[in-house]
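Here are my notes on the model you sent. They are in numbered points, with strand pairings ahead of the overall picture.

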Amino acid sequence: MEKVVVGLSGGVDSSVSLYLLKKAGYQVSALFMRNWDSNLNNDILGHKVLTSTICPQEIDYNDAQMVANQLGVEINRVDFIQEYWDYVFTYFLREYQNGRTPNPDILCNKYIKFNYFLKYALDNIKADKIAMGHYARVRFNPVLQEYQLLRGLDVNKDQTYFLCQLNQQQLSKTLFPIGELTKDEVRKIADEQYLATAHKKDSTGICFIGERNFKQFLENYIQNQHGDIVDIETNDVVGRHTGVMYYTIGQRKGLNLGGMDERYFTVGKNIKDNILYVSKGSEDKWLFSTSCLVSDLNWINRLPAQKFNCTAKFRYRQKDIPVQVEILPNNQAVISFATKVKAITPGQEAVFYDGEVCLGGGIINEAYLNGQKLWYL
């Protein structure tokens, strides 16, 4: 009988994962991760519940305990606060300081859930595998002799985008029990089993940190740097910002440019001169590109060639875009799009697919329009 440790977060997805594995006959136990300490990490500004009698993570832990008790499963607790700070949060801050937009959920999976958590479960609990409540699937291909990461069957909840940095060893030790279910089916199972988390809302916000007023949250760690907001078409100063790091490419809200005949949106940043470039809605041509340079690539499976066609997502929930991938030295690739793509954002992840198989992903470094680098990104 395989021994499986379930990452029990206090949410409905991991709760149902635990139930399904126990029902299937696995020897299961639960492990709750604590990866953020608001007091220790100076998380003050933008924190709505700092004065509450119990913090959200403790609420989650209590919910996880209730589910484990309901199912008669042992639950343990482990802290990865320092590891999260070192491998996820410092990178997150550095990218924002450089005017880029990182994705902490991907780093969280790569370094915390499927690295430190996995090692802890294997070494300390002597587990054979771990399980997580992600909407994804793992399949071993006997012909290719490799594991494949497959999209979850619920296309609206598929989370392979956030799992693109996993490797063969990690996939070989991982189960995704709800990967073949829809969210509605997961809720129904939780309801039928009277699980304490059956009607709990999904978590939102920054991975393991939660909902924050994002601008104020960053002010805890990055000093405000006031500068000009410039219309990229006219080069006119149309407003002032408190820091280019607070804005992302394509952003409309939060620019505080009232009284204009058209709404503006963010099209670029000049970090050196601390300028935020914006454009009117009728001039969204500034957001389109035809290719991008991607680095720090992680390929889950062996690649078919140095140049090949597949599909890609450049942000979560985006529809698949037909692309051509050309592998370069130094773990980089040029990604050419079949049609122009809007708001390609440096720091975000490009994730590649061959049908239902997630091939891997990498970090967007630069965007190009017909071969010309978009200097303002």
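1. Start with the pairing of β14 and β15. In this predicted model, Val323 has Phe337 of β15 as its bridge partner. The two strands run antiparallel and are joined by six bridges. Strand β15 covers residues 332-342. Together β14 and β15 make a hairpin, with three residues between them. Asn330 sits in that turn and has a positive phi of about 60°.

2. β14 also pairs with β13. Strand β13 takes in residues 307-313, and its pairing with β14 is antiparallel, over six bridges. Here Phe308 is the residue opposite Val325 of β14.

3. Which residues of β14 point to the buried face? They are Ile321, Val323, Val325 and Ile327. Pro322, Gln324, Glu326 and Leu328 point to the other face and are not buried. Alternation of side chains between the two faces of the sheet is what a regular strand shows. Val323 and Val325, both named above for their bridge partners, are on the buried face.

4. Now the parallel sheet. Five strands form an open sheet in the order β3-β2-β1-β4-β7. Their pairing is parallel. The edges are β3 and β7 (174-175), each of which pairs on one side only.

5. β1 deserves its own point. β1 runs from residue 3 to 7 and is joined to β4 (residues 129-131) by three bridges, in parallel. Val4 is opposite Lys129 of β4. With β2, β1 pairs over five bridges, again in the parallel sense. There, Val6 is opposite Ala30. Four of the five residues of β1 are buried, so the strand is mostly covered.

6. Look at helix α3 for its bend. The helix spans residues 81-97 and has a kink of about 35° centred on Phe89. Phe89 is itself one of the buried residues of α3. The others are Ile81, Tyr84, Val88, Tyr91, Phe92, Leu93, Glu95 and Tyr96. Note that Glu95 is on that list.

7. What do the buried residues of α3 pack against? The strands are β2 (27-34), β3 (75-79) and β17 (357-369). The helices are α4 (104-124) and α7 (214-219). Two of these partners, β2 and β3, belong to the five-stranded open sheet.

8. Follow the chain out of α3. Gly99 comes just after the helix and takes a positive phi of about 80°. Thr101 is in the loop between α3 and α4. Is Thr101 buried or exposed? Thr101 counts as buried, because its relative accessibility is 9% and the cut-off is under 20%.

9. Thr101 has contacts from several parts of the sequence. Leaving aside neighbours within four places in sequence, its contacts are Tyr96, Tyr247, Thr248, Lys269, Thr345, Pro346, Gly347 and Gln348. Tyr96 is among the buried residues of α3. From Thr101 to Ile364, the C-alpha distance is 9.7 Å, although 263 residues separate them in sequence.

10. A word on the cysteines. The structure holds zero disulfides. Why is Cys164 not bonded to Cys358? Their sulfurs are 5.9 Å apart, which is too far for a bond. A disulfide would need the two sulfur atoms within 2.5 Å. For Cys358, the nearest cysteine sulfur is that of Cys164. Cys164 is buried, at 0% relative accessibility. Cys358 is buried too, with a relative accessible area of 0%.

11. Finally, the chain as a whole. There are seven helices and 18 strands. The C-alpha trace spans about 70 × 55 × 35 Å along its principal axes. The radius of gyration is 22 Å, which agrees with the value near 21 Å for a compact globule of 377 residues. Buried residues account for 54% of the chain.

12. Long-range contacts and surface round this off. Take the contacts between residues at least 6 apart in sequence: 65% of them join residues at least 24 apart. The accessible surface is about 17700 Å². Carbon and sulfur atoms account for 47% of that surface.

Methods: Residues numbered from 1 in each chain as written. Heavy atoms only, no water. Buried < 20%, exposed > 50% of the residue type's maximum accessible area, 1.4 Å probe, protein only. Bend = angle between axes of the 7 residues up to and from the residue. Contact = heavy atoms within 4.5 Å. Rg over C-alpha atoms; globule rule 2.2 N^0.38 Å. Areas by Shrake-Rupley, 256 points an atom, 1.4 Å probe, with all protein chains shown as cover. Pairing = 2+ DSSP bridges.
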